[in-house]
Amino acid sequence: MSSHYTLLTQGISKMSLIATLIAPPSSPAVSPLIQKLTEASQAGQLPTFTLLPTLPSLNDTVQHLQFLSPIPHRTLKEKLKMQLEDAKIDIFCHEKGFEDKKLLLCDMESTIIDQEMLDEMADRAQIKGKIAAITAQAMRGEIDFEHSLEERLSLFQGWKRSQLNALKDIITYTAGAKEFLHGMKERGFKTALVTGGFHEFADDIACDLGFDYVQANRLEWDGDTLTGLPTLPIQGPNAKLETLKQLCADLSLSPDQTIALGDGANDIPMLQEAGLGIGIYPKPIVAQHITNTLQYNPLSALLALDLKHP
């Protein structure tokens, strides 16, 4: 298996662009769609491409198409989507997958875990509608993150630590998150959990999944009681970008050697700076700014982007 993919990697031109098509297990196989794309290429509706070898066990769900003609990532993705019409598959346009990548940064809420923890706190406090509206505004980029965080936290003044700890039991991981993180650690990646959420939740998640670094906000406590304020400075969207840059400096890496995952507006600066930024079940504003998005597959499907170790 390893020799097969060593040869594959050696055969990839450094100037080429690769489109990886990944179908979820419940969808029709990817392979039949290749004939349609071939016909579109022959008709001049799509640049010429060649198929890269895929392990037989992946043929029904994964195909790698190599394009040698220069074309912007987003333009290629739009052309592919136009030809594939309503096919519910994920399309990733990249130069060389995981090759040369060394650092993974992941947003936490709605990316690594299913929940938005402030919304869960609001549910317990029976103010979910008010909190959700503020959260949604922030995720859409309509108000800045710092203001939205302060506004939401003020509603929880007087909460006890035991109330917060009780919420840890409801946390669930995004489908495929554990497998994905395990696979990335096996590949030697350094991993960072970067979130505008709170250390009170993030530290346990980071420990459970084996993250090497964690960045989060801290709640301010007066003994065992929440003051309703965050501990300054607030870790907002720029903090995620700065963490990427700082970790690159600390590890002697360039941003091109990073992969970043996130779902909301406050992740966009980090996703744009990373060598491979991927929107995870993204909010519309993220899909507008980020070419590569995961919409139909579990998180573990991203391991297929590693052409050397599928």
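This is a short tour of a predicted model, moving from its sheet to the helices on that sheet and then to its nonpolar cores.

Begin by selecting the four strands, which form an open, antiparallel sheet in the order β2-β3-β1-β4. Colour β2 (49–52) and β4 (90–94) apart from the others, because these two stand at the edges with a single partner strand each, so that one side of each has no neighbour in the sheet. As you look from one strand to the next, the twist averages 25°.

Next, keep β2 and add β3 (residues 62–67), which runs antiparallel to β2 and is joined to it by four bridges. Within this pair, show L51 and find L65 of β3 standing opposite.

Now bring in helix α2 (residues 31–42), which lies across β1 (17–22), β2 and β3 and runs at about 160° to β2. Then select helix α3 (residues 73–84), which packs on the sheet where it touches β1, β3 and β4, its direction making about 150° with that of β4.

Leave the sheet for the largest nonpolar core, which has 51 residues, and select I112, L261 and L302, the members that touch the most others. Helix α9 (residues 199–209) is the element to show with them, since it gives the most to this core, with five residues. Centre the view on I112 and display its contacts beyond four places in sequence, among them Y173, L181, I205, F211 and L299.

To finish, select L33, F49, F67 and I91, which are included in a second, separate core of 20 residues.

Conventions. Residues numbered from 1 in each chain as written. Predicted model: local features only at pLDDT ≥ 70, side-chain atom pairs only at ≥ 80, totals over all residues. Heavy atoms only, no water. Pairing = 2+ DSSP bridges. Axes fitted to C-alpha atoms, helices over the stretch in contact; angles between N-to-C directions. Contact = heavy atoms within 4.5 Å. Core = buried A, V, L, I, M, F, W, Y, C linked by side-chain atoms within 4.5 Å. Buried < 20%, exposed > 50% of the residue type's maximum accessible area, 1.4 Å probe, protein only.
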